[in-house]
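Biologist: Please take a close look at the nonpolar interior of this model, and then at what is packed and paired around it. One connected account would suit me best.

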Amino acid sequence: MFGENYIASELVAKGDVVHVSGITVEEVFTSVCNQAKLPAGISPENLVEELMDRENVLSTAIGDGIAIPHPRRPLVSNNDENCIIVAYLRTPVNMQAPDAKRVYAMFILLSASSQVHIKSLSSLAAIFRKDEFKKVLPSRPGKSELVKLMQKCESAN
């Protein structure tokens with residue numbers, strides 16, 4: 001299963017982990033897009049616009065303080081650029097989550113195809129159900145610690 005470009009831990013390893021400010025969703029997205037290392041060909045302004053377009057359709061908050069923002073269409077040009085950017089919010093924001101909890105962690109999914117997108121969401125969902133992950137995420141682990149935690153959760157599936 002590893003090495004197939006849609007394993008969440010691998011996508012986080014290829015992405016970035018940032019700590020951001022903002023009191024609105026758009027401010028947070030702008031902060032993320034200006035700080036994170038983005039795949040080639042994606043401008044911060046374009047990504048903010050794409051994320052807001054998707055967010056305005058339906059909230060990407062899933063509960064437990066987590067959201068999975070993503071563009072409505074693939075923005076990366078090939079599977080080598082698939083990635084997840086993790087953003088920890090200094091001030092949690094209201095994103096209309098089903099459990100009404102404010103979002104403090106975003107897993108921004110950038111993929112080259114709808115197939116990768118769906119499989120990546122499935123991989124994330126499995127990890128988010130793990131108690132160990134739910135206990136550690138609020139401590140806002142760094143990239144290497146987060147990737148190791150995600151790998152441990154994936155291997156337990």
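Modeller: In the largest nonpolar core, which has 29 residues, the members that touch the most others are Val32, Leu47, Ile85, Met95, Met106 and Leu110. The elements giving this core two or more residues are strands S1, S4 and S5 together with helix H2 (25–35) and helix H3 (44–57). This is a predicted model, so side-chain atom pairs count only at pLDDT 80 or more.

Leucine 110 shows what such a position touches. With neighbours within four places in sequence left aside, leucine 110 is in contact with Pro39, Ile42, Leu47, Pro71, Val76, Glu81, Asn82, Cys83 and Ile85. Apart from the largest core lies another, of 23 residues, among them Ile66, Leu109, Leu124 and Leu149. In soluble globular proteins, nonpolar side chains tend to be buried together.

Leu149 leads to helix H6, where it is one of the buried residues, along with Leu146, Val147, Met150, Cys153 and Glu154. Seen down the helix axis, the buried residues of H6 fall within an arc of 165°, so they line one face of the helix. The face turned away from that buried side carries Ser144, Lys148 and Ser155, which are exposed. H6 covers residues 143–155, and its 13 residues reach 18 Å from first C-alpha to last, close to the 18 Å expected at 1.5 Å a residue. Its buried residues pack against helix H1 (8–14), strand S1 (16–20), strand S4 (83–93), S5, H4 and helix H5 (131–136).

Next come the aromatic rings, of which the structure holds three pairs. Phenylalanine 107 and phenylalanine 128 make an edge-to-face pair, with 5.1 Å from centre to centre and 65° between the planes. Phenylalanine 107 belongs to strand S5 (residues 103–110) and phenylalanine 128 to helix H4 (residues 114–128), so their pair ties together parts 21 residues apart in sequence. Phenylalanine 128 also pairs with phenylalanine 133: the ring centres are 5.5 Å apart and the planes lie at 35°, so this pair is tilted. Ring pairs thus link Phe107, Phe128 and Phe133 into a cluster. Phenylalanine 107 is buried at a relative accessible area of 0%, phenylalanine 128 is buried at 8%, and phenylalanine 133 is buried at 0%.

That leaves the charged side chains. Side chains of opposite charge can pair when their charged atoms come close. The count of salt bridges comes to three. Lysine 152 forms a salt bridge with glutamate 132, their closest N and O atoms being 3.1 Å apart. This pair links helix H6, which holds lysine 152, to helix H5, which holds glutamate 132, across 20 residues of sequence. Lysine 152 is partly exposed at 47% relative accessible area, and glutamate 132 is partly exposed at 33%.

Arginine 73 and glutamate 50 meet in another salt bridge, at 2.7 Å from N to O. Arginine 73 sits in the loop between strand S3 (66–67) and S4, while glutamate 50 sits in helix H3, 23 residues apart. Glutamate 50 is buried at 8% relative accessibility, whereas arginine 73 is partly exposed at 46%.

Aspartate 64 forms a salt bridge with lysine 101, with 3.6 Å between the closest N and O atoms. Aspartate 64 is in the loop between strand S2 (61–63) and S3, and lysine 101 is in the loop between S4 and S5, so the pair ties together parts 37 residues apart in sequence. Aspartate 64 is partly exposed at 38% relative accessibility, and lysine 101 is partly exposed at 43%.

Definitions and conventions:
Residues numbered from 1 in each chain as written. Predicted model: local features only at pLDDT ≥ 70, side-chain atom pairs only at ≥ 80, totals over all residues. Heavy atoms only, no water. Phe/Tyr/Trp six-rings, centres within 6.5 Å; stacked < 30°, edge-to-face > 60°. Helix = DSSP H or I, 4+ residues; strand = E, 2+ residues; numbered from the N terminus. Buried < 20%, exposed > 50% of the residue type's maximum accessible area, 1.4 Å probe, protein only. Expected span 1.5 Å × (residues − 1). Arc of directions from axis to C-beta. Contact = heavy atoms within 4.5 Å. Core = buried A, V, L, I, M, F, W, Y, C linked by side-chain atoms within 4.5 Å. Salt bridge = Lys/Arg side-chain N within 4 Å of Asp/Glu carboxyl O.
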